[in-house]
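This report is intended to be read beside the sequence and the three-dimensional view. Please keep both at hand.

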Amino acid sequence: MSIGIEGIFDYIDIFLLVLIRVTAFFIISPIFGSKNVSSLIKIGFGLMLAFIITPTLEIGIVEQYNGYMQYALLIFGEFMIGAILGFVSYLAFLSLYLAGQIIDMQIGFGIVNVFDAQTNIQIPVTANLYNIIALLIFFVINGHHMLISSIFYSYKLLPIGTASMNGVLLESIVKMFGEMFIIGFKVAAPIIAAIFVTNVILGILARTIPQMNVFVVGMPLKILIGIATIIVIIPIFSVVMDSIVNGMYHDLDTVLKDMMPR
């Protein structure tokens, strides 16, 4: 039996459970979880989606609960589902932060940080550049639509009160966390390779021309080579971002299936 939009307030307990999952997801997920987005907008957007999702649910999917303690456990479970989905979606952008940190350490920008309004923290210059480009591409390829559809899809695999937090889920999250580092190193690999070749050339010059001050020449040269390499690889960044978004969608599907009752 469907709830129906006119009967939402007759099942306010179910509506609140939907709101908890949706809000937890959008507080942590990229773009929607940005500090630039006010809390009122996040809550309002969560309320709107909860009003849309709740009438599509079947009343029978909610386990019968007796007392406030069991309802509190349902709230905790829905919050964990939303938080886990939001964290998994944010891992893709964390890989770009990692890539930017590695690149800045290589080209000499390691001590230069800028303020990121999205996270309210100091981040490397290159990481900030990559993050801005990634957000633009994310909007262009409708990544935000994918995030919204994933929260709708979650109710098909995980009806309210059916999530199972198990070892398989933990193993998957740890694996995704490790893949984040792999993606970060892959994104930074071209710059690392260019700087490595530059260091080799500088080492050869230092041996053949002892009079040349390698430290004075090497610092601006590595910055120049690093920036030039970034400019060269920027045009293919959309391909990289498309792969990251597809991986994000696959990871969201994986954790949802891992949380299904066994």
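The sections below move from the whole chain to its helices, its internal spaces and a few individual residues.

## Overall architecture

The structure is a predicted model. The secondary structure of the protein chain consists of eight helices and two strands. In sequence order these elements follow the pattern α-α-α-β-β-α-α-α-α-α, with the two strands placed after helix 3 and before helix 4.

The protein chain has 262 residues, of which 45% count as buried. Among contacts with a separation of 6 or more, 83% are between residues 24 or more positions apart. The exposed area of the protein chain is about 13700 Å², and carbon and sulfur atoms supply 72% of that area.

## Helix 1

Helix 1 covers residues 12-28. Its 17 residues should span 24 Å at 1.5 Å a residue, and because the end C-alpha atoms are 25 Å apart, the span agrees with that expectation.

The buried residues of helix 1 are Ile14, Phe15, Leu17, Val18, Leu19, Arg21, Val22, Thr23, Ala24, Phe25 and Phe26. The elements that cover these buried residues include helix 2, helix 3 and helix 5.

## Helix 5 and its approach

Helix 5 comprises residues 143-157. From its first C-alpha to its last, this helix of 15 residues reaches 21 Å, close to the 21 Å expected at 1.5 Å a residue. Its buried residues are Gly143, His144, Met146, Leu147, Ile148, Ser150, Ile151, Ser154, Tyr155 and Leu157. They pack against helix 1, helix 2, helix 3, helix 4 and helix 8.

Asn142 lies in the loop between helix 4 (125-140) and helix 5. Its phi is near 60°, a positive value in a residue other than glycine. Asn142 has a relative accessible area of 39% and is therefore partly exposed. His144, in helix 5, has a relative accessible area of 17%, so this residue is buried. Leaving aside residues up to four places away in sequence, His144 touches Phe32, Phe138 and Phe139.

## Helix 8

The 22 residues of helix 8 should span 32 Å at 1.5 Å a residue; the end C-alpha atoms are 31 Å apart, so the two values agree. This helix runs over residues 237-258. Its buried residues are Phe237, Met241, Ile244, Val245, Met248, Asp251, Leu252, Asp253, Val255, Leu256 and Asp258. Both aspartate and hydrophobic residues thus appear in the buried set, with Asp251, Asp253 and Asp258 among its members.

An α-helix has 3.6 residues a turn, so residues three or four places apart point the same way. In helix 8, Met241, Ile244 and Met248 are among the buried residues.

## The largest pocket

The largest pocket holds about 420 Å³ of space. It is lined by 21 residues, and those closest to its centre are Ile183, Val187, Val240, Ser243 and Ile244. One of these, Ile244, is also a buried residue of helix 8.

Helix 3 (68-107), helix 6 (167-208) and helix 8 each supply at least two residues of the pocket lining. By residue class, the lining divides into 15 nonpolar, three polar and three charged residues.

## The largest cavity

A search of the whole structure finds one cavity of 30 Å³ or more. The volume of the largest cavity is about 30 Å³. Its lining is formed by Ser150, Tyr153, Tyr249, Leu252, Asp253 and Leu256, which divide into four nonpolar residues, one polar and one charged.

Helix 5 and helix 8 each supply at least two residues of this lining. Helix 8 gives the most, with four residues. Ser150 of the cavity lining is a buried residue of helix 5, while Leu252, Asp253 and Leu256 are buried residues of helix 8.

## Asn199 in helix 6

Asn199 lies in helix 6. Its relative accessibility is 34%, so Asn199 counts as partly exposed. The C-alpha atoms of Asn199 and Gly218 are separated by 7.9 Å, and the two residues are 19 residues apart along the chain.

Note on methods. Residues numbered from 1 in each chain as written. Predicted model: local features only at pLDDT ≥ 70, side-chain atom pairs only at ≥ 80, totals over all residues. Heavy atoms only, no water. 1 Å grid on protein atoms, 1.4 Å probe; cavity = no way out; pocket = protein on both sides within 12 Å on 5 of 7 lines; lining within 4 Å. Points joined across faces, edges and corners; volume = space filled by probe spheres on them. Nonpolar A, V, L, I, M, F, W, Y, C, P; charged D, E, K, R; others polar. Expected span 1.5 Å × (residues − 1). Buried < 20%, exposed > 50% of the residue type's maximum accessible area, 1.4 Å probe, protein only. Contact = heavy atoms within 4.5 Å. Areas by Shrake-Rupley, 256 points an atom, 1.4 Å probe, with all protein chains shown as cover.
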